[in-house]
Amino acid sequence: MLQPGVPFFAFRDFPEGINREVEQALVQAAGGNQFILGEEVEAFEQELAKALQTGIAVGVGNGYDALVVALKAAGVGPGDEVIVPANTFIATVNAVVQAGAIPVLAEPDLLTCNLTAVMAAAAITERTKAILPVHLYGQACQMDAFVQLSGEHNLILIEDFAQAHGACYVGKQVGCFGNINATSFYPTKNLGALGDGGAVVTADPELAAFARMYRNYGQEQKYHNRIIGINSRLDTLQAAVLRVKLRHLPQLNQERQRLAQLYLEELQGIADLALPVTAPGSTHVYHIFHIRTRHRDTLQVWLAEQGIQTAVHYPVPVHLQEAYTYLGYRRGSFPVAEELADTSLSLPLFPGMTAAEQQAVISSIHTFFRHHG
Ligand SMILES: Cc1ncc(COP(=O)(O)O)c(C=O)c1O
């Protein structure tokens, strides 16, 4: 029997009425005739900082720019090495290169898929300037060890929390551990805009002041440039949308966690299927529900035949990307990252996903493994 189609991600009216709230916010913001920065952006920055319980947030154009601005503000530049996980979205690594620095890759943990301080420590050299852990798939990295490691070696700590808005490590939200941290509001993110957006977050007023200038051509005041900056301002209409979505973020994350819990219960103990593991002290907000199996490719094709869309995050680890051959790594350099690339599959999970959609995914996976146990 043909199952109903299940999208990998869809924008639904969840919680009910949010779409109307967003529309109203957009109309109101457009009526304000202030299209660059202004009150909406300032209000969102303040509300984001408050929600994170940290110092200062600076809205920028996207998550990639947020990383670049954070690295620049932290003084990372040519000749510096920055330790990044070998399994991340390419933006994390590209940003290091954009800042003029050298990305030094490190193995993730096979169970949590996150970089650990132990693996980062092994990559430290006398040229290391910063460590850039990524809270991958929505799970907070074990940040106490990173804070300790960077303190011991006098390194800058920068979090990439693009995938983990609202996730915590021992009660403290991601985005609040590093010296300066970066996030994205790409539409499908847990806190997503209706276009590009990003933010830099820091408790250090000097770093925040740099970020504020750098995102706007290096201007301290109009036409007075202290540094050579870029144009990467958070769009005013996106700020209005994000203010609405931020209010609902706890509920959006709870819904993701509820759906994830159901997957965890219903998919346990099936053949070689590995389900997400959350580390002690960390919380997971399931930006992505990530599973692993050596039958990944055939499972993905089977699910597609049932009308179920899935995705692979990420099919090629950073060190095997053509663009990064110059770093000199080769196949075998990061066996865990390679294993993840070969076996990972992301299942549909998004706020507003229906019970019928989720059951279709679950029962199709069970059926598949009856033949591939
Ligand atoms: C971990 C991570 N870092 C950075 C980015 C870059 O964000 P953006 O697409 O807003 O530039 C993304 C997502 O897109 C991401 O998932």
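How do the residues of the shell around the ligand divide into nonpolar, polar and charged? Keep that in mind as you go through these close-ups of a predicted model.

**Close-up 1. Let's start with the shell around the ligand.** The split is 6 nonpolar, 7 polar and 2 charged residues. There are 15 residues around the ligand, and those that come nearest are Gly63, Tyr64, Ala91, Ala162 and Ser184. Two helices are worth finding here: H3, residues 63–73, and H4, residues 91–98, each supply at least two residues of this shell.

**Close-up 2. Here helix H3 packs against helix H7.** You've just met H3 by the ligand; now look at how H3 sits with H7, which covers residues 205–214. Their axes are 9 Å apart, and the angle between the two helices is about 130 degrees. Angles over 145 degrees would count as roughly antiparallel and 65 to 115 as roughly perpendicular, so H3 ends up oblique to H7. The crossing of this pair is right-handed. On the H3 side, the contact is made by Val69, Lys72 and Ala73, while H7 brings in Leu207, Phe210, Ala211 and Tyr214. Sort those residues by class and you get 6 nonpolar, no polar and 1 charged.

**Close-up 3. Now for the two domains of the protein chain.** The domain assignment puts domain 1 at residues 18–243 and domain 2 at residues 249–372. Their C-alpha centres lie 25 Å apart. Where the two domains meet, domain 1 puts 30 residues into the contact and domain 2 puts in 29. On the domain 1 side, strand E3 (102–106) and strand E6 (168–169) are the elements that give two or more residues. That side of domain 1 is made up of 18 nonpolar, 10 polar and 2 charged residues.

**Close-up 4. Here are two cis peptide bonds to hunt for.** One joins Phe14 and Pro15, with omega at about -10 degrees. To find Pro15, look in the segment before helix H1, residues 18–31. Another cis bond runs from His313 to Tyr314, and its omega is near 10 degrees. Tyr314 belongs to the loop between helix H9 (296–305) and helix H10 (335–343).

**Close-up 5. Finally, zoom in on the backbone at Asn33.** Which residue other than glycine has a positive phi here, near 55 degrees? That's Asn33. You'll spot Asn33 in the loop that links H1 to helix H2, residues 39–52.

Notes
Residues numbered from 1 in each chain as written. Predicted model: local features only at pLDDT ≥ 70, side-chain atom pairs only at ≥ 80, totals over all residues. Near = placed C-beta within 6 Å. Helix = DSSP H or I, 4+ residues; strand = E, 2+ residues; numbered from the N terminus. Nonpolar A, V, L, I, M, F, W, Y, C, P; charged D, E, K, R; others polar. Domains from an automatic or database assignment. Contact = placed C-beta atoms within 7 Å. Axes fitted to C-alpha atoms, helices over the stretch in contact; angles between N-to-C directions. Parallel < 35°, antiparallel > 145°, perpendicular 65-115°, else oblique. Left-handed = near helix turned anticlockwise from the far one by under 90°.
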